[in-house]
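Reader: I should like a close look at one helix of this model and at its surroundings. Please describe how the helix is packed, and then turn to the pockets and cavities of the structure.

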Amino acid sequence: MSSQTITADAAGTWKLGDLPVHRLGYGAMRLTGSAAFHHGAPSDRERSLAVLRKAIDLGVNPIDTAAFYFSSLRSANELINTALGPYPDDLVIVTKVGPYRTYDGEWGTPARPEDLRGHVEENLRQLGRDHLDVVNLRRMPKYDSIAEHFGALAELREAGLIRHLGISGVEPRHLAEAQAIAPVVCVQNRYALDRPDPVTDELLRICGEQGIAFVPFYAVAGESGERGATTAHDEEVRAVARDHGASPAQIRLAWTLHQGPHVLAIPGTGNPEHLAENVAAGAIRLTDEELDRLGAPRQRAGATG
């Protein structure tokens, strides 16, 4: 399929609180290098800036980032600030806090509740903003409950530093825990066609019932995770891709968006051509028969898991 004239509005829209966004967004994790974090080689700065500007040209308006998205030479937030500031009025920047990386790139001690103001202020500084549109609390395995951490972010929301709150890497009980403190506009969990996960399936259902955005990460990367897009595509994925004149990655994205009108996708890339292909996936319409074929291996794996 041609991706030359397809923009992000082909995927439809949803709202993060009172902020309308296209359902096909951009994840900044891969912006800083050939692989995320300290893996791979740092990106070409001008190409990274070009990717961000192309995303805006294609109508992408939710951008997912974090202060801990950096490589040895690049910071995702700094690149976003440089490429897009002053920011378009309809751009929604979603950040996340909780995990922490030291200056040498190693993962540090997970944040305590009282540390989160510093995390928020660092994102504000790097992005050149006086408030953050949406902040996700990324649950850290060290803490079983998220109440204290989410409560600290709720206080920053009341203070005007944050507009809306979300949570990431959670179970249904954490969503209920957070909602007892403040409204939740999005849930961001690992979720992919080839990754059966009954707990996250339940979260997807609950979010749909409550009108909360569900935002999968690694939808294209699959088991490759932070190292980039998978090449281990099921034969059904390849067959459906051939039928649509699309790539397997585009079919994975299309399947993701078909999981509900409240589902967003935030594929990341440092390649302008791949960016256009990702955005074009929002125009792919899968039939019920194709969705059944694509989902069959996942259902079988879930039944035997």
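Author: In this predicted model, the buried residues of helix α2 are covered by elements that include α1 (45-57), β4 (62-64), β5 and α3. Helix α2 itself spans residues 76-84. Its buried residues are A76, N77, L79, I80, A83 and L84. Viewed down the axis of α2, these buried residues fall within an arc of 160°, and they therefore line one face of the helix.

Two of the elements that cover α2, β5 and α3, also take part in a pocket. β5 (92-97) and α3 (116-127) each supply at least two residues of the lining of the second largest pocket. The largest contribution to this lining comes from α3, which gives six residues. The second largest pocket has a volume of about 370 Å³. It is lined by 17 residues, of which A67, Y100, R101, E122 and Q126 are the closest to its centre. By class, the lining of the second largest pocket comprises seven nonpolar, six polar and four charged residues.

The enclosed spaces may be taken next. A search of the whole structure finds two cavities of 30 Å³ or more. The largest cavity has a volume of about 70 Å³. β4, which is among the elements covering the buried residues of α2, supplies at least two residues of the lining of the largest cavity, as does β8 (186-190). The residues that line the largest cavity are L16, P62, D64, V94, N136, C186, Q188, V215, L264 and I266. Seven residues of this lining are nonpolar, two are polar and one is charged.

The second largest cavity has a volume of about 30 Å³. Its lining is formed by L137, R138, R139, M140, Y143, S145, I146 and H149. Four of these lining residues are nonpolar, two are polar and two are charged.

To return to the helix: the cover of the buried residues of α2 includes β4, β5 and α3. Of these elements, β5 and α3 each contribute to the lining of the second largest pocket, while β4 contributes to that of the largest cavity.

Conventions
Residues are numbered from 1 along each chain as its sequence is written. This is a predicted model: local features need pLDDT of at least 70, side-chain atom pairs count only at pLDDT 80 or more; totals for chains, interfaces and linings use all residues. Side-chain values use heavy atoms; hydrogens and water are left out. On a 1 Å grid over the protein atoms alone, a cavity is a set of points where a 1.4 Å probe fits but cannot get out, and a pocket is an open set with protein on both sides within 12 Å along at least five of seven lines; lining residues have an atom within 4 Å of a point. Grid points are joined across faces, edges and corners, and a volume is the space filled by probe spheres set on the points. Helices (H or I, at least four residues) and strands (E, at least two) are DSSP runs, numbered from the N terminus. Ala, Val, Leu, Ile, Met, Phe, Trp, Tyr, Cys and Pro count as nonpolar, Asp, Glu, Lys and Arg as charged, and the others, Gly among them, as polar. Buried means under 20% relative accessible area, exposed over 50%, partly exposed in between (1.4 Å probe, protein chains only). The arc is that of the directions from the helix axis to the C-beta atoms. Contact means heavy atoms within 4.5 Å.
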